[in-house]
Amino acid sequence: MSASHPEPALVPRPHKVAPRPGRFTLGQDTSVQSPPGTRAASDLLRTLLTPATGLPLAPSSDGRIVLALDPALSGLGEEGYGITVSPQALTLRAAQPTGLLRGVQTIRQLLPAEALSGRVRGGSWELPCVEITDVPRHPWRGAMLDVARHFQPVSYLRRYVDLLAFHKLNTLHLHLTDDQGWRMPVDAYPRLTSVGGRRSESMTWPPGHGGDRFDGVPHSGTYTKEELRALVSYAADRGVSVVPEIEMPGHVRAALAAYPELGNHPERNLDVWTRWGVCDTVLGVHDQAIDFCRAVLDEVMDVFPSPYIHIGGEECPTTEWESSPAARARAAAEGLTGPAALHGWFMARIGAFLVERGRRPVGWAETGTELPLEFTVMTWRDPAHALAAARRGHQVVTAHHRATYLDYAQSTAPCEPPGQPGDPVGLRAVHGNEPVPGDWDAEETARVLGTQAQLWTEYVKTPDRIEYLTYPRLCALADRAWSGGAGDWTGFIERLRRHTARLDALGVRYRRLTPRSLMTIP
């Protein structure tokens with residue numbers, strides 16, 4: 001790299017970047033060679049570039065943009081790619097089609113930021129000449145969006161997917177159900193959405209912080225299966241997998257409001273919960289509740305082809321089971337030590353059901369060792385739990401709340417909106433998070449799939465607020481999840497300052513960079 005040929009400010013940073021002299025120009029006559037196997041990538045290139053550049057990028061057998069799929073490039077893996085930009089041609093190559101999709105996003109970042117906007121500008125467009133070889137550090141790089149607490153329209157979910165793909169994140173974890181709302185229709189249980197999809201009001205401040213406050217405004221929203229299937233297809237076209245989450249056996253107050261017989265007190269009529277926090281109403285452990293979970297998940301799997309199905313499992317009080325004669329009898333019949341052990345029994349039953357259908361169950365792990373081994377675990381309470389889970393033999397996705405929970409404030413500034421109680425999670429904390437510490441051995445390291453960010457939406461109602469909390473912190477997570485390494489904070493900030501022009505062109509309502517947000521200690 002030289003002063004006359006600086007390295008492009010790409011986020012995430014590619015594995016190898018070598019700037020070269022010269023520029024490649026896109027014009028009205030620039031066409032695209034797309035041999036067999038590259039159609040999806042060439043279609044995505046046009047879909048993303050033509051609206052703003054006004055260039056047709058037509059297919060041609062002698063186009064100067066060349067897409068090449070070569071299985072012999074096995075070192076690039078599933079998502080790796082190579083780009084060569086010279087004054088004469090732009091070549092994008094990969095071993096697998098998904099790698100080409102990742103390379104398309106890099107091409108977008110090599111163009112001027114105006115190419116990302118919705119405003120058409122005529123004329124030619126230039127890219128710097130460069131040689132890039134790029135392979136991700138981790139296969140799971142994701143973001144969880146909670147649409148149970150505050151529903152978001154599917155049109156915004158598509159935009160959310162676009163922004164994930166732009167930063168080479170490959171997993172949208174969709175939190176579809178919770179105590180405060182059930183968002184996915186289930187044909188066998190229509191009241192889940194007609195009753196469970198609506199609540200009378202919402203808490204506006206954390207419980208116990210200055211008295212309970214509610215807004216008095218009803219909240220509702222549900223998706224159709226057609227919308228969700230279309231979202232899955234839209235995401236797949238961009239190389240993003242949608243992982244659904246259906247909470248159980250806790251965080252089910254909305255389901256119990258619709259079907260009280262599924263709980264431990266079938267005679268009790270409940271409302272959809274309007275508070276935040278942990279509700280102590282949980283599913284029963286009788287056959288009817290187990291059959292309900294299986295029926296729901298059958299319909300979920302029909303909509304979502306993801307190999308991973310998330311079934312929650314966290315924050316499940318056992319108070320109702322301990323006071324229930326039926327639950328105590330179930331624990332005794334199963335040879336368990338007591339009602340508290342029913343949580344593991346329940347998760348094992350449902351996990352086995354998913355495995356029988358060729359899927360991989362995923363659950364939130366509060367200690368790292370409480371779920372059956374067939375579960376991929378998301379460790380969120382303590383970084384040490386990830387190591388405990390890996391040593392036990394689990395696949396692990398690290399989701400430590402002090403580095404990946406984006407519903408925490410970004411600073412202590414008084415202008416920050418209400419959020420999750422606790423110290424801020426600043427940009428530096430997110431970028432400094434290493435999914436696999438350097439002192440792990442090779443076997444432990446191999447069990448870590450990657451990491452993801454979480455945005456719980458108790459205090460997040462609108463897309464504007466989602467994007468303010470998500471960006472640029474998700475840029476930091478994407479950089480570490482893709483690039484790995486020790487994490488070059490100074491280099492990342494230099495790239496991020498230039499990357500914000502792209503966020504501006506995309507209309508992202510991100511939190512502006514300030515001296516406070518760039519502090520060494522958030």
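## Exercises around strand β14

Let's start with one pair of residues: I309 stands opposite P361 in β15. (Helices, H or I with at least four residues, and strands, E with at least two, are DSSP runs numbered from the N terminus; two strands pair if DSSP finds at least two bridges between them.) The model is predicted, so local features need pLDDT of at least 70 and side-chain atom pairs pLDDT 80 or more, while totals for chains, interfaces and linings use all residues. Residues are numbered from 1 along each chain as its sequence is written, and side-chain values use heavy atoms, leaving out hydrogens and water.

**Exercise 1.** Find the strands that pair with β14, and place them in the sheet.

*Step 1.* On one side, three bridges join β14 to β15 (residues 360–365), and the two strands run parallel.

*Step 2.* β13 is also parallel to β14, with two bridges between them. Here M248 has G312 of β14 as its bridge partner.

*Step 3.* Now move on from β13: β8 (residues 171–175) pairs with β13 in the parallel sense over five bridges. H175 stands opposite E245 in β13.

*Step 4.* Put the strands together: β7-β8-β13-β14-β15-β16-β17-β18 form a closed barrel of eight strands with parallel pairing. On average, neighbouring strands of this sheet are turned by 30° against each other, direction ignored. (Axes are lines fitted to C-alpha atoms, for helices over the stretch in contact, and angles run from 0 to 180 degrees between N-to-C directions.)

**Exercise 2.** Decide whether β14 is enclosed or open, and check each face.

*Step 1.* Recall that side chains in a regular strand alternate between the two faces of the sheet.

*Step 2.* Look at one side of β14, where Y308, H310 and G312 are buried. (Buried means under 20% relative accessible area, exposed over 50%, and partly exposed in between, with a 1.4 Å probe and protein chains only.)

*Step 3.* Turn to the other side: I309 and I311 are buried as well.

*Step 4.* Five of the five residues of β14 are buried, so β14 is largely enclosed by the rest of the structure.

**Exercise 3.** Describe the surroundings of S306.

*Step 1.* Locate S306 in the loop between α7 (287–303) and β14 (308–312).

*Step 2.* Check the accessibility: S306 has a relative accessible area of 4%, so it is buried.

*Step 3.* Follow its side chain, which reaches the backbone oxygen of Y308 at 2.8 Å. (A polar contact is a pair of N or O atoms within 3.5 Å; within protein, one must be able to donate a hydrogen and the other to accept it, and residues adjacent in sequence count only if both atoms are side-chain atoms.)

*Step 4.* List the neighbours: leaving out residues up to four places away in sequence, S306 touches S241, V242, V243, P244 and R359. (Contact means heavy atoms within 4.5 Å.)

**Exercise 4.** Work out how helices α9 and α10 pack.

*Step 1.* Read the geometry: α9 (residues 325–333) and α10 (residues 342–356) pack at about 70°, with axes 11 Å apart.

*Step 2.* Classify the angle: α9 and α10 are therefore roughly perpendicular. (Under 35 degrees counts as roughly parallel, over 145 as roughly antiparallel, 65 to 115 as roughly perpendicular, and the rest as oblique.)

*Step 3.* Name the residues: A327, R330 and A331 in α9 meet L342, W345 and R349 in α10.
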